[in-house]
Amino acid sequence: MKHSVAVILLVLSFSAVADGAYFLGNAFFSQPPATQMGTIASSTLGINNGPWSITVSGVVTVQVPPGTVTGTLIEYTVDRQLDPTYGTASMITATTLSGFSQPPNFGTYGNTLGFNHTSLTNYPIVSQSMIPMSLTAGATVWNQITVQSSIFTYTSQNGLHYLRQRFELDGVQFNGIGGIWTIDLPVTSEIILVPEPTAAALAFGLALGVRFGARRVRCAEHG
């Protein structure tokens, strides 16, 4: 029975393990925060590196000039290099957004759109988890919104590939004296491993076999 248990543990370990680490080093701004609505007045955006995630948090303020101003309110890209020796696993990506947008106090602002998404650059379509964003008269509050990708099979590859977080949000000021437009975040991009159903079913079958075999032994001993 001890040998059977060891087999079960071995199957489970092979279903979950990969050859190497998932990341090589820490994330960085491959495109720093930028705007077309004026100038970046201040930015406290920083990056936290988790074992399976990156989180960008802080506050960006944009100095908007007077009059009619349109364009990208804020955009940035953060990349974290993937380890080419990781191996293969089933996984999903997840994007989580909190925070708010607040335009200057005096002015008229339009409704605009944007997006915030996570993806792997070597699996750009199947790995994408995207949160659509919208501003009503320049303002909104994001209350812990999470979107997940579909399940996909990941195999690490040679070359420069990244977990990428992309944030892009448009703004419109129809008229006003201008002022400070505030965007508050955090955004988390996360990798979540998905257990292999075949390996889980095999382990379950082995467990049933162990129980059945042990029962037969006991019955034979008392027969």
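**A serine and a set of rings**

Let's start with Ser156, which counts as buried because its relative accessibility is 13%, below the 20% cut-off for that word. Keep in mind that you're looking at a predicted model. To find Ser156, go to the loop between strand S11 (152-155) and strand S12 (162-176).

What does the side chain of Ser156 reach? One partner is the backbone oxygen of Pro84, at 3.1 Å. Another is the backbone nitrogen of Gly87, at 2.9 Å. Leaving aside neighbours within four places in sequence, Ser156 is in contact with Asp83, Pro84, Thr85, Tyr86 and Gly87.

Tyr86 takes us on to the aromatic rings, since it also belongs to one aromatic cluster with Tyr22, Phe23, Trp52, Tyr123, Phe152 and Tyr154. Counting pairs of rings with centres within 6.5 Å, you get 13 aromatic pairs. Take Tyr22 and Phe23: their ring centres are 5.0 Å apart and their planes meet at 85°, so this pair is edge-to-face. Tyr22 and Phe23 are both buried.

Now hop over to another pair, Tyr109 and Trp181. Here the centres are 5.4 Å apart with 75° between the planes, again an edge-to-face arrangement. This pair links distant parts of the chain: Tyr109 sits in strand S7 (residues 107-109) and Trp181 in strand S13 (residues 179-193), 72 residues apart. Are these two buried or exposed? Both Tyr109 and Trp181 are buried.

Finally, back to Phe23, which has a charged companion too: Arg80 lies over the face of its ring, 4.0 Å from the ring centre.

Note on methods: Residues numbered from 1 in each chain as written. Predicted model: local features only at pLDDT ≥ 70, side-chain atom pairs only at ≥ 80, totals over all residues. Heavy atoms only, no water. Phe/Tyr/Trp six-rings, centres within 6.5 Å; stacked < 30°, edge-to-face > 60°. Buried < 20%, exposed > 50% of the residue type's maximum accessible area, 1.4 Å probe, protein only. Helix = DSSP H or I, 4+ residues; strand = E, 2+ residues; numbered from the N terminus. Lys NZ or Arg CZ within 6 Å of the ring centre and 35° of its normal. Polar contact = N/O pair within 3.5 Å; in protein donor to acceptor, adjacent residues only side chain to side chain. Contact = heavy atoms within 4.5 Å.
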